[in-house]
Amino acid sequence: MRNILTIAGRELRSIFVSPIAYVVMTGFLLLGGWFFFNLLARFNLLVTMYSSFQGGAEAMARLNVNEFVLAPLFHNLSVVLVIIVPMITMRSFAEEKRAGTYELLLTSPVAIWEIVIGKFLGVVAFMVVMIALTSIYGIILAVYGNPEIGIMMSGYLGLLLIAITFVAVGLFASSLTENQIIAAVTGLVMLLLLFVIAWPADSAGEKIGGVLRYVSVTEHFADMIKGVIDTKSLVYFATMIVGWMFLTQRSVESIRWR
């Protein structure tokens, strides 16, 4: 555990030393703020319109902050994560190879799985900080509105799980090459595939369609946005994270024994 935490701390420090981390975090928060502002403005417009209609009180009662503001906000932030997570993970292993410290790391008295988990936890810590900063949107809604706190917390849990899953995929992409750009593009393509793989599910037949929907990260994330924390979704995210971490370990081991 000491080795893992040491590597995680080293990875987290290296992220914050790089200007990419601050650019990514600033871009994520700016986009999140822009999405929140526009979604909230649209919600207020709907409230104003319904209040001016006869019988608008009944229609206004059906307006839900979680459905019209938080749900699309979480969805938009997940799309942004598809783009920015590979920018953070691209340097985890690729930079070690480029700088010539990769062989030194692999020959140190540390197990491969400790290296992989340590780097994983370092990047996850950064993602936790970044997502936690977006909680200001929920706080604003809680102070000035009446959101359903349980659904909002479920949405944040889903956003965190999807970010952690993306980190696991990005680390695997970074372990395949020493070029950071190639690692970023590879990670982006993999994440986009996980994001859109369920699109042909309706026309693929019942069995294949069911498999595509289960593999799709958006299907499980959409349920959590609605406040549904299903065991199936939790098992899915846990399986994806462990599976991609295992592939990363195997990729690193294959290079070690060349």
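Okay, let's start with helix H7, residues 112-133, and helix H9, residues 149-175: their axes come within 10 Å and cross at roughly 145 degrees. This is a predicted model, by the way, so keep that in mind throughout. The crossing of H7 past H9 is right-handed.

Who's touching whom there? On the H7 side you've got Lys119, Phe120, Val123, Val124, Met127, Val128 and Ile131. Facing them from H9 are Tyr156, Leu159, Leu160, Ala163, Ile164, Val167, Ala168 and Leu171. If you sort that contact by class, you get 14 nonpolar residues, one charged and no polar.

Now stay on H9, and bring in H4, which is residues 65-89. H4 and H9 pack with their axes 9 Å apart, at an angle of about 15 degrees. With anything under 35 degrees counting as roughly parallel, these two helices are therefore roughly parallel to each other. H4 also passes H9 in a right-handed crossing.

The list of contacts goes like this. H4 brings Asn66, Leu70, Phe74, Leu77, Ser78, Leu81, Val82, Val85 and Thr89. H9 answers with Ile151, Met152, Gly155, Tyr156, Leu159, Ile162, Ala163, Phe166, Val167, Gly170, Leu171 and Ser174. By class, that's 15 nonpolar and six polar, with no charged residues.

Next partner for H9: helix H10, residues 180-196. Here the axes come within 8 Å and cross at roughly 135 degrees, which makes H9 oblique to H10. The handedness is right-handed here too. From H9, the contact uses Ile162, Phe166, Val169, Phe172, Ala173 and Ser174. From H10, look for Ala183, Thr186, Gly187, Met190, Leu191, Leu194 and Phe195. That contact of H9 with H10 has ten nonpolar residues and three polar, and again no charged ones.

Last topic, empty space. How many cavities of 30 Å³ or more does the structure hold? Just one. The largest cavity has about 40 Å³ of space in it. And what lines it? Ile15, Ser18, Ile20, Ala21, Met87, Ile88 and Arg91. Two helices, H2 (19-51) and our friend H4, each supply at least two residues of that lining. By class, the lining has five nonpolar residues, one polar and one charged.

So, to pull up the H9 picture once more before we move on: H9 crosses H7 at roughly 145 degrees, H4 and H9 pack at about 15 degrees, and H9 crosses H10 at roughly 135 degrees. If you're clicking around the model, Ile162 and Phe166 of H9 are in the contact with H4 and also in the contact with H10. Tyr156 and Leu159 of H9, meanwhile, are in the contact with H7 and in the contact with H4. That's me done.

Terms used
Residues are numbered from 1 along each chain as its sequence is written. This is a predicted model: local features need pLDDT of at least 70, side-chain atom pairs count only at pLDDT 80 or more; totals for chains, interfaces and linings use all residues. Side-chain values use heavy atoms; hydrogens and water are left out. Axes are lines fitted to C-alpha atoms, for helices over the stretch in contact, and angles run from 0 to 180 degrees between N-to-C directions. Helices (H or I, at least four residues) and strands (E, at least two) are DSSP runs, numbered from the N terminus. A crossing is left-handed if the near helix is turned anticlockwise from the far one by less than a right angle, and right-handed if clockwise. Contact means heavy atoms within 4.5 Å. Ala, Val, Leu, Ile, Met, Phe, Trp, Tyr, Cys and Pro count as nonpolar, Asp, Glu, Lys and Arg as charged, and the others, Gly among them, as polar. On a 1 Å grid over the protein atoms alone, a cavity is a set of points where a 1.4 Å probe fits but cannot get out, and a pocket is an open set with protein on both sides within 12 Å along at least five of seven lines; lining residues have an atom within 4 Å of a point. Grid points are joined across faces, edges and corners, and a volume is the space filled by probe spheres set on the points. Angles under 35 degrees count as roughly parallel, over 145 as roughly antiparallel, 65 to 115 as roughly perpendicular and the rest as oblique.
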